Amino acid sequence: MGLFKSDSLAAIAAVLFLIIVGIACRKTAQSDVNLNADSDSVNSNSAQSNSSAGGDAYKKLLDKKAELVKFSPPVKLDPKATIKGKVFVVTDKLEHKDADLLDNSFSRDRWAFSLEELETVVRVVCARGKFIGNYETTDRNLTRKIKAYGVECQAALIDYRAPAIVAQKSFSNNVRDEAILDRNFASDEYQNPPPMGEIEKFIDGFPLDRVLPTMTMLDEKELVKIPVTVSLKPDAAIRGKMQIVEKLETGLISSSYISINGYNDYGFPSDKRAAKPEELETLIRIVCVQGNFIGKIGKETQYASKCEVSIIDYKTLTVIAQKTIENKILDESRKDSPAGGGWIVAPPKKEIEDYLKSFPTS
């Protein structure tokens with residue numbers, strides 16, 4: 001009996017060893033796929049490339065990137081364009097951090113891992129823009145001449161199954177910036193960075209066509225874009241388990257990025273917060289954007305933070321209460337800021353909290 005146990009243990013150990021080796025080989029193969037898919041012309045998104053969803057289906061999707069960059073389906077612009085189903089982001093001439101920024105605008109449940117499930121392609125293609133001037137830099141008594149160029153980008157939303165380009169927009173950054181002299185140069189040419197804040201806002205502005213039935217967690221990137229109808233109720237209340245999601249546009253207009261989060265509690269106790277999709281009853285959605293001009297602090301132009309606060313019955317995806325709240329108070333802390341660009345002040349958090357607390361809970 002003792003010999004039988006030893007043999008069994010040895011067999012189990014051997015099987016475990018083979019499994020570990022197999023997993024290691026698959027990870028190595030997947031890494032090779034990621035490296036091969038990446039180049040100067042096609043950026044590989046780290047979020048998707050490092051996914052555990054390997055296999056032939058995912059490899060075929062990655063191999064499609066170069067083709068999708070040049071994909072030219074008919075242009076059928078749709079003013080009501082939406083993000084349909086699963087999404088794949090492809091970029092050209094963008095740094096990894098910028099490609100990742102676009103990828104991470106979507107919840108993991110939204111990422112496509114095969115051509116079969118792919119419905120929407122988000123594409124951003126950039127190229128050298130206008131010549132904007134010559135610069136001279138001096139380092140260790142050596143003078144270098146730098147040619148500087150702007151950048152031109154085009155963002156497109158592609159319905160992959162139609163196929164059709166349903167939305168697109170051009171962006172540029174051809175402004176001469178003396179601040180580039182403070183940077184280190186690897187070559188004698190310099191290209192302005194793409195206006196990623198503007199590009200991200202464009203892409204983030206498209207709503208989702210539906211709630212994915214496969215949503216496994218309460219991801220704020222998903223919840224803040226879900227489609228809703230409006231039917232305001234005089235007896236609106238915050239019922240059952242709830243979640244708060246925010247989409248905020250703050251800071252410098254020229255370089256501000258959209259912040260999407262779900263961590264502010266606005267005074268609600270932790271046991272009121274839902275932990276998983278199936279127990280969520282009330283969704284509180286707060287979307288803050290640039291409001292009207294409110295004045296200047298020093299040489300800086302400042303704008304209000306205009307927030308739309310929605311109480312949503314999550315079971316029916318219906319807005320039952322809604323209010324627009326603005327912060328029109330100048331940000332005095334910016335009085336010594338250098339001139340250039342506009343500034344969006346912080347959201348009116350106290351007013352939003354007071355509004356939410358005015359609703360009964362159950």
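A residue is taken as buried when its relative accessible area is under 20%. In this predicted model, Phe 359 has a relative accessibility of 13% and therefore counts as buried. Tyr 355, with a relative accessible area of 12%, is likewise buried. Tyr 355 and Phe 359 form an aromatic pair, with 5.0 Å from centre to centre and 85° between the planes, an edge-to-face arrangement.

Aromatic pairs number seven in the model. In one of them, the ring centres of Phe 131 and Tyr 149 are 5.5 Å apart and the planes meet at 65°, so this pair is edge-to-face. Phe 131 belongs to strand E2 (residues 118-139) and Tyr 149 to strand E3; the two residues are 18 residues apart, and their pairing links distant parts of the chain. The two partners were also examined for burial. Tyr 149 has 13% relative accessibility and so counts as buried, whereas Phe 131, at 44%, counts as partly exposed. A separate line of aromatic contacts involves Phe 171, Phe 202 and Phe 206, which form one aromatic cluster.

Strand E3 covers residues 142-159 and runs antiparallel to strand E4, residues 164-173. Nine bridges join E3 to E4, and the connection between these strands is a hairpin of four residues. Within this pairing, Val 151 has Asn 173 of E4 as its bridge partner. In a regular strand, side chains alternate between the two faces of the sheet.

Two arginine residues were found over aromatic rings. Arg 176 lies over the face of Tyr 135, at 4.2 Å from the ring centre. Arg 334 is placed over the face of Trp 343, and here the distance to the ring centre is 3.6 Å.

Asn 327 was considered in terms of its surroundings. This residue lies in strand E12, which comprises residues 318-327. Its relative accessible area is 14%, so Asn 327 is buried. The side chain of Asn 327 reaches the backbone oxygen of Ala 346 at 2.7 Å. Ala 346 also appears among the contacts of Asn 327 when neighbours within four places in sequence are left aside. On that basis, Asn 327 is in contact with Ala 304 and Ser 305, and further with Val 345, Pro 347 and Pro 348.

Terms used: Residues numbered from 1 in each chain as written. Predicted model: local features only at pLDDT ≥ 70, side-chain atom pairs only at ≥ 80, totals over all residues. Heavy atoms only, no water. Pairing = 2+ DSSP bridges. Buried < 20%, exposed > 50% of the residue type's maximum accessible area, 1.4 Å probe, protein only. Polar contact = N/O pair within 3.5 Å; in protein donor to acceptor, adjacent residues only side chain to side chain. Contact = heavy atoms within 4.5 Å. Phe/Tyr/Trp six-rings, centres within 6.5 Å; stacked < 30°, edge-to-face > 60°. Lys NZ or Arg CZ within 6 Å of the ring centre and 35° of its normal.
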